[in-house]
Amino acid sequence: MLLGPALAVSAILFSLGVAGVLLRRNAIIIFMCIELMLNAANLAFIALAQRLGPDGQVIVFFVMAVAAAEAAVGLAIVLAIYRHKQTLDIQNINLLRG
Amino acid sequence: MIQVMFWVFAVIAIGAAVLCITRRSPVASALWLVTTLFSLAGIFVLLDAQFIAALQVMVYAGAIMVLFLFVIMLLNLGRGTPTDMRGWVGRLIALGLGVAVAVELWVLVRSPLAVSIQLPAGTLSQVTQERGVVGVISDALFRTYLVPFEITSILLLAAIVGAVVLAKRRL
C-alpha cells in the first residue's frame with residue numbers, strides 16, 4: 001500500500017543526488033550526494049522487500065557494507081588529494097587528464 | 001496513521017536532501033544529510049524493516065557521517081568559503097539532468113509488478129512477528145547469501161588497508 005509512494009520518494013531522492021553531484025564542485029559534498037543516491041536505492045529495495053520477500057533487506061545490508069568501505073577509501077583519497085593540492089575543488093583536481 | 005507518518009518522514013527527507021545539496025558550508029550539508037538518513041530510518045520502520053532501520057541509524061547516521069564530519073573538520077572546511085556551486089550553465093545542466101532522471105525513474109516506478117511474484121499483503125509483518133525482527137534477515141543472510149557475506153568481510157579488510165595506505169603521509 002505504501003509501495004508506490006515509497007518508490008516515488010526513492011526516485012526523487014536519487015534525482016536530487018544526481019543533481020547534487022552535477023551541481024557542486026567540492027569533492028566531499030559530491031561524496032555525500034553519492035551516499036544520498038545509495039540511500040535512495042536502499043529505500044527502493046526496502047519498499048519492494050515488503051511485497052517480494054525479505055531478500056531485499058539482505059541486499060540493503062550489503063549495500064551498507066559497500067557504502068562504508070567506499071566512504072573510508074574515498075575520504076582517504078580526499079585527504080591525500082588535499083595534502084597534495086591544498087584544495088578540494090574538482091576543477092583543480094586534474095591529475096589524470098592527459 | 002501510517003500514511004500520515006510516511007508522508008511526514010518523506011517530506012522531511014526530501015526537504016533535507018534539497019538543503020543538503022544547496023547549503024554552502026560542508027558541515028551544514030553533512031548535518032542535513034544526517035536528517036535525511038534519520039527520516040529514511042523512520043520510513044524503513046514503516047515498511048517493516050526495523051532491523052535495517054536500526055542499522056541505518058548506527059552505521060549511516062552514526063559511523064559514516066561521523067567519518068565525513070571528521071574529515072571536514074580535519075581539513076578545516078567549516079569556515080565561510082566561497083561557494084562551490086557551478087555557474088548558471090552548470091546549474092541548468094544539473095537541473096535538467098536531475099529532472100530527466102526523475103522522469104525516467106517515475107516511468108519505471110509506474111510499471112506494475114507482476115502479481116504472480118508478489119507475496120500476499122502483510123506476509124512480511126506476519127513473518128516478522130513469528131521469527132523476530134533479526135530472524136527474518138539472518139536466515140537469508142547466513143543460508144542463501146553466506147558466500148557474499150564472507151566476501152563482504154574481505155571487501156572491508158581491503159578497504160581498511162586501502163584507507164590506511166592512502167592516508168599515510170609517507171609510504
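Mentor: Helices here are DSSP runs of H or I with at least four residues, strands are runs of E with at least two, and both are numbered from the N terminus. By that rule, B:Gly15 lies in helix H1 of chain B, residues 2-22. The model is a predicted one, in which local features need pLDDT of at least 70 and side-chain atom pairs count only at pLDDT 80 or more, while totals for chains, interfaces and linings use all residues. Residues are numbered from 1 along each chain as its sequence is written, and chains are lettered from A and ligands numbered from 1 in the order in which they are written.

Trainee: Is B:Gly15 exposed, partly exposed or buried, and why?

Mentor: B:Gly15 counts as partly exposed because it has 14 C-beta neighbours inside 10 Å. A residue is buried if 20 or more other C-beta atoms lie within 10 Å of its own, exposed if 12 or fewer, and partly exposed in between, with the C-beta atoms placed from the backbone.

Trainee: How far is B:Gly15 from B:Thr36 in space?

Mentor: The C-alpha atoms of B:Gly15 and B:Thr36 are 8.2 Å apart, and the two residues are separated by 21 residues in sequence.

Trainee: Let us turn to chain A. Which secondary structure does chain A have?

Mentor: Chain A has 3 helices and 0 strands, in the pattern α-α-α along the sequence. Chain A has a radius of gyration of 16 Å, well over the 13 Å that the globule rule gives for 98 residues, so it is more spread out than a compact globule. That radius is taken over C-alpha atoms, and the rule is 2.2 Å times the number of residues to the power 0.38. Along its principal axes, the C-alpha trace of chain A spans about 50 × 25 × 20 Å.

Trainee: And how many helices does chain B have?

Mentor: Chain B has 7 helices and 0 strands, running α-α-α-α-α-α-α from the N terminus on. Its radius of gyration is 20 Å, where a compact globule of 171 residues would have one near 16 Å. The C-alpha atoms of chain B fill a box of roughly 55 × 45 × 30 Å along the principal axes.

Trainee: What share of each chain is buried?

Mentor: For chain A, 55% of the 98 residues count as buried. For chain B, 25% of the 171 residues do.

Trainee: Which domains does chain B have?

Mentor: The assignment gives domain 1 (1-79) and domain 2 (122-171); such bounds come from an automatic or database domain assignment. The C-alpha centres of these two domains of chain B lie 21 Å apart.

Trainee: How many residues does each chain bring to the contact?

Mentor: Chain A brings 59 residues and chain B brings 66. On the chain A side, helix H1 (3-23), helix H2 (27-52) and H3 each supply at least two residues. The largest share of that side, 22 residues, comes from H3 of chain A. By class, that side has 46 nonpolar, 7 polar and 6 charged residues. Here Ala, Val, Leu, Ile, Met, Phe, Trp, Tyr, Cys and Pro count as nonpolar, Asp, Glu, Lys and Arg as charged, and the others, Gly among them, as polar.

Trainee: Could we take one residue from H3? What does A:Ala69 touch?

Mentor: A:Ala69, which is found in helix H3 of chain A (residues 55-85), touches B:Leu155, B:Leu156 and B:Ala159, not counting residues up to four places away in sequence. Two residues are in contact if their C-beta atoms, placed from the backbone, lie within 7 Å. A:Ala69 is partly exposed, with 19 other C-beta atoms within 10 Å.

Trainee: And A:Ala27, is that residue buried or exposed?

Mentor: A:Ala27 is buried, because 20 other C-beta atoms lie within 10 Å. A:Ala27 belongs to helix H2 of chain A, and its contacts, leaving aside neighbours within four places in sequence, are A:Val78, A:Leu88 and A:Ile90. A:Ala27 and A:Asp89 are 62 residues apart in sequence, yet 6.4 Å apart from C-alpha to C-alpha.

Trainee: Which residues touch the most other members in the largest nonpolar core?

Mentor: That core has 75 residues, and A:Leu13, A:Ile28, A:Met32, A:Leu43 and A:Ile46 touch the most other members. H2 of chain A gives the most to this core, with 17 residues. Domain 1 (1-79) and domain 2 (122-171) of chain B both contribute residues, so the core lies between them. A nonpolar core is a set of buried Ala, Val, Leu, Ile, Met, Phe, Trp, Tyr and Cys residues joined through C-beta atoms within 7 Å.

Trainee: What is A:Leu43 in contact with?

Mentor: Leaving aside its neighbours within four places in sequence, A:Leu43 is in contact with A:Ala6, A:Val9, A:Ser10 and A:Leu13, and also with B:Leu40 and B:Ile43.
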